[in-house]
Amino acid sequence: MSSPKDTPNVYTAARPPPAASVGLIGWLRQNLFSSFSNTILTLVSIYLLSLAIPAVLDWAFWSSQVSGDNRFDCKVEGACWAWLDQRLGQFLFGFYPDGERWRVILAFVLLFAALLPWLTTGVPGQRYLRWFSIAYPFIATVLLAGGFGLEQVPTDKFGGFMLNLIVGLSGIVLSLPVGILLALGRQSKLPLIRWLCIGFIEAVRGVPLITLLFVSNILLPIFLPPDVTLDSIIRVIIMVTAFASAYMAEVIRGGLQAIPSGQYEAANALGLNYWRSMRLIVLPQALRISIPGIVNTFIGLFKDTTLVIVIGLFDILGIANAMVSNPDWLGLSTETYVFVAVFFFVVCFSMSRYSMWLERRLSGQRH
Amino acid sequence: MEKSHQYSPNDSSAVIRIDKLNKWFGTFHVLRDLSLSVKQGEKIVICGPSGSGKSTLIRCINFLEEHQEGKIIVDSIELTGDLKNIDAVRREVGMVFQSFNLFPHLTVIENCTLAPIWVRKTPQAEAEQLAMEYLERVKIPEQAHKYPGQLSGGQQQRVAIARSLCMKPKIMLFDEPTSALDPEMIKEVLDVMVDLADSGMTMLVVTHEMGFAAQVADQIVFMDEGQIIEQNTPTEFFDNPRSERTKLFLSQILSH
């Protein structure tokens, strides 16, 4: 018997890689100039960017104008942002009374405190913050709509980006749990539950959201007692949630199907009941796999909040439409829609980056 | 052959009693009138060709598979569709799978403490202490805070054994525990199982490791076509197989 230690060392010693394959030069070679055609593509792209970026910056900033009372004051070649001064409040808050807008801002700031403990770990006082998160919907409702000594603000005054955030975030927060339940229900062994879930998912996915929003005006009141009237924003939230959860259910079903049956069996063999094995074993893994699809659904949902215009609510896009048809500011549609687009881009891009960060962090656990 | 005992329905010392068990997968009759009884502390090795129903049999014992006819009584609880009985049996019966089935999103120690905390309601500190004891017993306490994906197959299977033991089961089922392992890692898992057998655990082991069977089994059960063809002590089983089918099986697996 001879152990490896007894045999003479015949291994080749490790050497550093050639200088041209690492560092900046290596990166450039690999990523931008790896072949003749890639070199041409790189050069063409640089040329196009060198045309586009200065032109956009010039339009938006260098040759733009920020002061003026109406479109006749706009004298510049570039963008005219003069309307912002008058209209920014409307874009953000709709017709919410000027003197009460601090309540919306406070609710927005508190939102971050409410979301933070669910988005990451290691937040100081995480456990208490979660209790705050649970109370947040009630706090925000009181802040926004009034009560407990705050002046009542009817919801038809809600509008602008605030409305997109209210509907979008409510939909996001509600559609995930509802989607999970629908996905589990679709796999249930009980035929009645399975059929109900499949029926709901297929019915809701089979129609456009815009139809659901129209129908919510007519159909929902039929299901409610005659003396109950639902606020139109609540109706929109219900419909948007129903719509997104049907998609969510299918996204999560995909994740559930990726979990090997051995995981269910091991959980059962250890004596975990159905709900515990779902909560502790199956869903943590299935949801992790589904993150890209879930966030995709969230982003779609958030952009769909602009459809509230069809039932007479004025979200940020509705306000923008109203403004570009106003004689004072006619012809400024590029500026207006670019401005609106920035808001959606910031929110959607943040969600996208967050989901990529979350995926990276969770993938660290797998190996 | 006086040590050999076939099924005896009134054997009160039996911790598992299986009586005329029948199971079908669709129209395929996988277990046929199968009866078996296992005493406290007994080690039974189940072998046989693939498709003979070995795995199905032990999966029926903790109701991972539902049988259609016959009786299974585990620790004086009869397994029916009754969820309460199933939960009660699963608390007392540990199972080790061919493919380990560790929970990849939890660390080794979290894998081990999960069931004690949620099923047995053990306080976390106590559950962790217990888990460390068992991880030491399977000789990998230093891996406690790693994720399963960072371990070798043999280490994962030992964690799986420790995870089952943390529930302090009365009976351990092993479903081909070494079949998915590289040859170099089989021994470390078998060593742990031998150690467990020496401690007096009641064990049912489906395996092709005949060396292990000869060393620890009180009884070897040979199955074919969903029935028990032969059941005997290892000495009798290897030296004096009674049926032709057993002789053929032994000649095939022992020939190299």
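Strands here are DSSP runs of at least two residues, numbered from the N terminus, and two of them count as paired if DSSP finds at least two bridges between them. With that in hand, let's walk through this model, which is a predicted one.

Start in chain B, with strand S1 (residues 14-25) and strand S2 (residues 28-39). These two pair in the antiparallel sense, over eight bridges. Want to see how they line up? Look for Leu21(B), which stands opposite Leu34(B) in S2(B). Another facing pair is Ala14(B) and Lys39(B), the latter again in S2(B). Now follow the chain round the hairpin of S1(B) and S2(B): there are two residues between the strands, and Gly26(B) takes a positive phi near 60 degrees.

S1(B) has another partner too. Strand S4 (residues 69-74) of chain B runs antiparallel to S1(B), and five bridges join them. Here you can pick out Arg17(B), which sits opposite Ile73(B) in S4(B).

Put these pieces together and you get an open sheet of four strands in chain B, in the order S2-S1-S4-S5, with antiparallel pairing. S2 and strand S5 (77-78) of chain B are at the edges and have a single partner strand each, so one side of each is left without a neighbour in the sheet.

Next, hop over to chain A for a covalent link. The structure holds one disulfide over all chains. Cys74(A) and Cys80(A) form this disulfide, with their sulfur atoms 1.9 Å apart. What is the handedness of the link between Cys74(A) and Cys80(A)? With -60 degrees about the S-S bond, the link is left-handed.

Finally, let's see how the chains meet. On one side, 20 residues of chain A are in contact with 25 residues of chain B. The size of an interface is often given as the accessible area lost when the parts come together. For chain A and chain B, the buried area is about 2,000 Å², 61% of it on carbon and sulfur atoms.

Which residues form the salt bridge between the chains? Arg59(B) pairs up with Glu265(A), and their closest N and O atoms are 2.7 Å apart. The rule finds one salt bridge across this interface. As for polar contacts, the count between chain A and chain B is six residue pairs. On the side of chain A that touches chain B, the elements giving two or more residues are helix H11 (261-269) and helix H12 (274-304) of chain A. The residues on that side of chain A divide into eight nonpolar, seven polar and five charged.

Methods:
Residues are numbered from 1 along each chain as its sequence is written. Chains are lettered from A and ligands numbered from 1 in the order in which they are written. This is a predicted model: local features need pLDDT of at least 70, side-chain atom pairs count only at pLDDT 80 or more; totals for chains, interfaces and linings use all residues. Side-chain values use heavy atoms; hydrogens and water are left out. Contact means heavy atoms within 4.5 Å. Buried area is the accessible area (1.4 Å probe) that two parts lose on being put together, summed over both. A salt bridge is a side-chain nitrogen of Lys or Arg within 4 Å of a carboxyl oxygen of Asp or Glu. A polar contact is a pair of N or O atoms within 3.5 Å; within protein, one must be able to donate a hydrogen and the other to accept it, and residues adjacent in sequence count only if both atoms are side-chain atoms. Ala, Val, Leu, Ile, Met, Phe, Trp, Tyr, Cys and Pro count as nonpolar, Asp, Glu, Lys and Arg as charged, and the others, Gly among them, as polar. A disulfide is a pair of cysteine sulfur atoms within 2.5 Å.
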